Amino acid sequence: MILTSLTVLASSLVLPFQQASIGTATNPIGAPVLVASFNGTNGANPKAALTPGATSGIFYGAASTGGTNNKGVVYRLNVGTTSTIAPLISFNATTGTAGTNTNGATPESTLISVGTDYYGTTYSGGTSGLG
């Protein structure tokens, strides 16, 4: 298991689906509203819930693919008039290959916040290649 800590200087949205977009649960008339979309560079295939940041309208999450190396990202979602998804960490370990870890690959867990640090796990990478 790999724990990645990222210190960030910086209401509850859940992604229980694998579509490459983020939407609010409902708007006042009940229809889903698209908030932001993944484009591969900022991540793809989010599989976990979002974690609220310390600032209102900021959320953190992990996408299992996409990013600079297509090994997944930890991203910040800034919800506002123009919502954005910004990758903070691009993972780069060779998937399933032992000894190739620099920071893991394929994050799939919900991030946990402890103060200004966020922790999560990766599915692969690490010294054994097993995350």
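## Overall picture

Buried residues account for 42% of the 131 residues in this protein. The model you are looking at is a predicted one, so please read everything below in that light.

As for secondary structure, there are 12 strands and 0 helices. Walking from the N terminus, the elements run β-β-β-β-β-β-β-β-β-β-β-β. On the outside, the protein exposes about 6800 Å², and carbon and sulfur atoms supply 55% of that area.

## Two nonpolar cores

In soluble globular proteins, nonpolar side chains tend to be buried together. Here, the largest nonpolar core brings together 10 residues: V35, A36, F38, L50, F59, A63, V73, Y75, L77 and I85. At least two residues of this core come from each of strand 3 (33-37), strand 6 (58-65) and strand 7 (73-78). Strand 7 is the biggest giver, with 3 residues.

Another core lies apart from this one. It has 7 residues, and I89, F91, L111 and Y118 are among them.

## A closer look at T51

If you would like a residue to zoom in on, try T51, which sits in strand 5 (residues 51-52). Is T51 buried or exposed? Its relative accessibility is 6%, and because the cut-off for buried is under 20%, T51 counts as buried.

Which residues does T51 touch, once its neighbours within four places in sequence are set aside? The contacts are I58, F59, Y60, T110, L111, S113 and Y118. Some of these names will be familiar from the cores: F59 belongs to the largest nonpolar core, while L111 and Y118 are members of the other core, the one with 7 residues.

## The salt bridge

Side chains of opposite charge can pair when their charged atoms come close. The structure holds 1 salt bridge, and the side chains that meet in it are those of E108 and K47, at 3.6 Å from N to O.

The pair links distant parts of the chain, with the two positions 61 residues apart in numbering. E108 is in the loop between strand 9 (105-107) and strand 10 (112-114), whereas K47 is in the loop between strand 4 (44-46) and strand 5.

How accessible are the two partners? E108 has a relative accessibility of 32%, so it counts as partly exposed. K47 is partly exposed as well, with a relative accessible area of 37%.

Terms used: Residues numbered from 1 in each chain as written. Predicted model: local features only at pLDDT ≥ 70, side-chain atom pairs only at ≥ 80, totals over all residues. Heavy atoms only, no water. Core = buried A, V, L, I, M, F, W, Y, C linked by side-chain atoms within 4.5 Å. Buried < 20%, exposed > 50% of the residue type's maximum accessible area, 1.4 Å probe, protein only. Helix = DSSP H or I, 4+ residues; strand = E, 2+ residues; numbered from the N terminus. Contact = heavy atoms within 4.5 Å. Areas by Shrake-Rupley, 256 points an atom, 1.4 Å probe, with all protein chains shown as cover. Salt bridge = Lys/Arg side-chain N within 4 Å of Asp/Glu carboxyl O.
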